[in-house]
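Student: I would like to learn how to read a protein model feature by feature, with the general idea placed before the particular case. Could we begin with a single side chain and then work outwards?

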Amino acid sequence: MIRVLQSLIQGHYLHGFAHPQTFVSRISTMVSHPPDESDDPIIDLASDTFMMGQALRQAQKAFLSEEVPIGAVIVRNGSIIARAHNQVETLRDATAHAEMLALTQAQEVQGDWRLNDCDLYVTKEPCPMCAGAIVHCRIRRVIFGCRDPRGGAAGGFINLLQQPTLNHASEVTPGVLEEESIHLLKTFFHEARVKKKSGFSE
């Protein structure tokens, strides 16, 4: 089973499907009927690739809820303590980004707003709002999928996560499962444009 998840997380199946609902169905099928695993390497369950795969699962949930597909998880000592995806439209809350919701969950789990020994994985570079919250929570490390050159605050547009005038800086690792993250976002916005052109509205 671990090796099956490895194939999914590394994106071997994601690129072949335009819609995440199909991807989710494929996951269910593979879990019920796993392929031959004899020659597959064993995945490191604490690796950046695995953890970003978990964030992508959250992003897929956002997609299926017609939210911008961004997902996040927070990890402490190799274990995920928080999982979240964008819920701006669902909650009618402009601050309900994946990172913000995950930070709130992690603080509740830890019983402390300080998350010094925690790492945050998110499928898209954090915006200024989220980056500010990350700094305030003192997240140790931020790992993200795709860059946002127009509005990213981890080096894309600005870098609030490593701003020398602030009282905390996070280590930043970009580009983990970048293609998968971009694919999901592009698919979402393509479908949104198609709906708009056809006059579809809720």
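Student: Which backbone oxygen does the side chain of His-168 reach?

Tutor: This is a predicted model, and in it the side chain of His-168 reaches the backbone oxygen of Ile-139 at 2.8 Å. His-168 lies in the loop between β4 and β5, and, leaving aside neighbours within four places in sequence, His-168 is in contact with Val-135, Arg-138, Ile-139 and Leu-161.

Student: Is His-168 buried or exposed?

Tutor: The cut-off for a buried residue is a relative accessible area under 20%, and His-168, with a relative accessible area of 16%, is therefore buried. For the chain as a whole, buried residues make up 42% of the 202 residues.

Student: How should I read the overall order of elements before I look at the sheet?

Tutor: The chain holds seven helices and five strands, and from the N terminus on the elements run α-α-α-β-β-α-α-β-α-β-β-α. A further guide is the separation of contacts in sequence: among contacts between residues at least 6 apart, 60% join residues at least 24 apart.

Student: In what order do the five strands lie in the sheet?

Tutor: The general idea is that strands of a sheet pair through backbone hydrogen bonds, either parallel or antiparallel. Here the five strands form an open sheet in the order β2-β1-β3-β4-β5, with mixed pairing. The edge strands, each pairing on one side only, are β2 (79-85) and β5 (171-173), and neighbouring strands of this sheet are turned by 20° against each other on average, direction ignored.

Student: Which pairs of strands show that the pairing is mixed?

Tutor: On the antiparallel side of the account, six bridges join β1 to β2, with Arg-76 standing opposite Ser-79 in β2, and five bridges join β1 (residues 71-76) to β3 (residues 118-124). In the parallel sense, β3 and β4 pair over five bridges. Tyr-121 is a useful residue to follow across the sheet, since Tyr-121 in β3 is the bridge partner of Val-73 and also stands opposite Ile-143 in β4.

Student: How many of the seven residues of β3 are buried?

Tutor: Six of the seven are buried, so β3 is largely enclosed by the rest of the structure. As for what lies over the sheet, helix α5 (residues 98-110) lies across β1, β2 and β3, and runs at about 145° to β2.

Student: Which residues have the most contacts inside the largest nonpolar core?

Tutor: That core has 27 residues, and those with the most contacts inside it are Ile-74, Leu-103, Leu-115, Leu-120, Ile-134, Ile-139 and Leu-161. The elements that give two or more residues to this core are β1, β2, α5, β3, α6 (128-137) and β4 (141-146), and α6 gives the most, with five residues. To follow one residue of this core, take Ile-134, which, leaving aside neighbours within four places in sequence, is in contact with Leu-103, Leu-120, Pro-126, Ile-139, Val-142, Leu-161 and Ser-170. Apart from this core lies another, of 15 residues, among them Phe-50, Met-51, Tyr-121 and Phe-188.

Student: What should I look for in the backbone angles?

Tutor: Most residues other than glycine have a negative phi, and most peptide bonds are trans; a positive phi in another residue type is thus a feature to look up in its setting. Arg-92, which is not a glycine, has a positive phi of about 50°, and lies in the loop between α4 (88-91) and α5. Leu-177, also a residue other than glycine, has a positive phi near 55°, and lies in the loop between β5 and α7 (178-197). In the hairpin of β1 and β2, which has two residues between the strands, Asn-77 takes a positive phi near 50°.

Student: Which is buried and which is exposed, Arg-92 or Leu-177?

Tutor: Exposed means over 50% relative accessible area, and buried means under 20%. Arg-92 therefore counts as exposed, at 77% relative accessibility, whereas Leu-177 counts as buried, at 11%.

Student: How much accessible surface does the chain have?

Tutor: The accessible surface of the chain comes to about 10400 Å², and 52% of this belongs to carbon and sulfur atoms.

Notes:
Residues numbered from 1 in each chain as written. Predicted model: local features only at pLDDT ≥ 70, side-chain atom pairs only at ≥ 80, totals over all residues. Heavy atoms only, no water. Pairing = 2+ DSSP bridges. Helix = DSSP H or I, 4+ residues; strand = E, 2+ residues; numbered from the N terminus. Axes fitted to C-alpha atoms, helices over the stretch in contact; angles between N-to-C directions. Contact = heavy atoms within 4.5 Å. Core = buried A, V, L, I, M, F, W, Y, C linked by side-chain atoms within 4.5 Å. Buried < 20%, exposed > 50% of the residue type's maximum accessible area, 1.4 Å probe, protein only. Areas by Shrake-Rupley, 256 points an atom, 1.4 Å probe, with all protein chains shown as cover. Polar contact = N/O pair within 3.5 Å; in protein donor to acceptor, adjacent residues only side chain to side chain.
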